[in-house]
Amino acid sequence: MQTWFSVVLFLKNCSQWSPFVAVGVHQLTGHKVAIKVMNRQKIKSLDVVGKIRREIQNLKLFRHPHIIKL
């Protein structure tokens, strides 16, 4: 598995089902990015799979130079 980003700083929790957001750096370009990291087991146990799927679908619709394509 190829790694594109390096995590440089962990930020505080977003909500109860999303453990944390991290600041990362793209290894080729050096651009800073936000990385949302979620625990799969917690997502399943809290029954928020539908919310996550909707969030992903909405993010796929974004077209902006500062948002990567999912």
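## Fold, sheet and surface patch of the chain

In this predicted model, the chain contains two helices and three strands. Read from the N terminus, these elements follow one another in the order β-β-β-α-α, with the strands preceding the helices along the sequence. The chain has 70 residues, of which 14% count as buried, a residue being called buried when its relative accessible area is under 20%. The surface that the chain exposes amounts to about 6100 Å², and 58% of this area is supplied by carbon and sulfur atoms. When the contacts in the chain with a separation of 6 or more are considered, 16% of them are accounted for by residues that lie 24 or more positions apart.

The three strands are assembled into an open sheet, in which they take the order β1-β2-β3 and pair in the antiparallel sense. The edges of this sheet are formed by β1 and by β3, which spans residues 32-37, and each of these edge strands pairs on one side only. From one strand to the next, the twist of the sheet averages 40°. In general, the strands of a sheet pair through backbone hydrogen bonds, and the pairing may be either parallel or antiparallel.

The pairing can be followed residue by residue, beginning with β1 and β2. These two strands, which occupy residues 5-10 and 20-26 respectively, are joined in the antiparallel sense over five bridges. Within this pairing, V7 stands opposite G24 in β2, while F10 is placed opposite A22 in β2. On the other side of the sheet order, β2 is joined to β3 by six bridges, and these two strands likewise run antiparallel. Here V23 stands opposite A34 in β3, and V25 faces K32 in β3. The hairpin made by β2 and β3 has five residues between its strands, and in this hairpin G30 adopts a positive phi near 80°.

The loop between β2 and β3 also holds L28. This leucine has a relative accessible area of 68% and is therefore classed as exposed, since the term applies to values over 50%. Although L28 and W4 are separated by 24 residues in sequence, their C-alpha atoms are 7.6 Å apart in space.

Strand β1 can be examined further through V7, which is found in this strand. Because the relative accessibility of V7 is 44%, the residue counts as partly exposed, a class that covers values between the limits for buried and exposed residues. When residues up to four places away in sequence are set aside, V7 touches A22, V23, G24 and I35. One of these partners, V23, lies 16 residues away from V7 along the chain, yet the C-alpha atoms of the two residues are separated by 5.9 Å. Another partner, G24, is the residue of β2 that stands opposite V7.

The loop between β1 and β2 is the place of L11. With a relative accessible area of 40%, L11 is likewise assigned to the partly exposed class. Residues up to four places away in sequence again being left out, the contacts of L11 are made with F20, V21, A22 and V23. The relation of L11 to I35 was also examined: the two residues are 24 positions apart in sequence, and the distance between their C-alpha atoms is 9.9 Å.

L11 also takes part in a feature of the surface, where it forms a nonpolar patch with V8 and L9. Together, the three residues of this patch have about 260 Å² of accessible area. The value of 40% found for L11 is in keeping with its membership of the patch, because patches are made of residues with over 30% relative accessible area.

Technical notes
Residues are numbered from 1 along each chain as its sequence is written. This is a predicted model: local features need pLDDT of at least 70, side-chain atom pairs count only at pLDDT 80 or more; totals for chains, interfaces and linings use all residues. Side-chain values use heavy atoms; hydrogens and water are left out. Patches are made of residues with over 30% relative accessible area and no salt bridge: like charges are joined within 9 Å, nonpolar side chains (Val, Leu, Ile, Met, Phe, Trp, Tyr) within 5 Å. Accessible areas come from the Shrake-Rupley method with a 1.4 Å probe; for residues, only the protein chains shown count as cover. A salt bridge is a side-chain nitrogen of Lys or Arg within 4 Å of a carboxyl oxygen of Asp or Glu. Helices (H or I, at least four residues) and strands (E, at least two) are DSSP runs, numbered from the N terminus. Buried means under 20% relative accessible area, exposed over 50%, partly exposed in between (1.4 Å probe, protein chains only). Contact means heavy atoms within 4.5 Å. Two strands pair if DSSP finds at least two bridges between them. Axes are lines fitted to C-alpha atoms, for helices over the stretch in contact, and angles run from 0 to 180 degrees between N-to-C directions.
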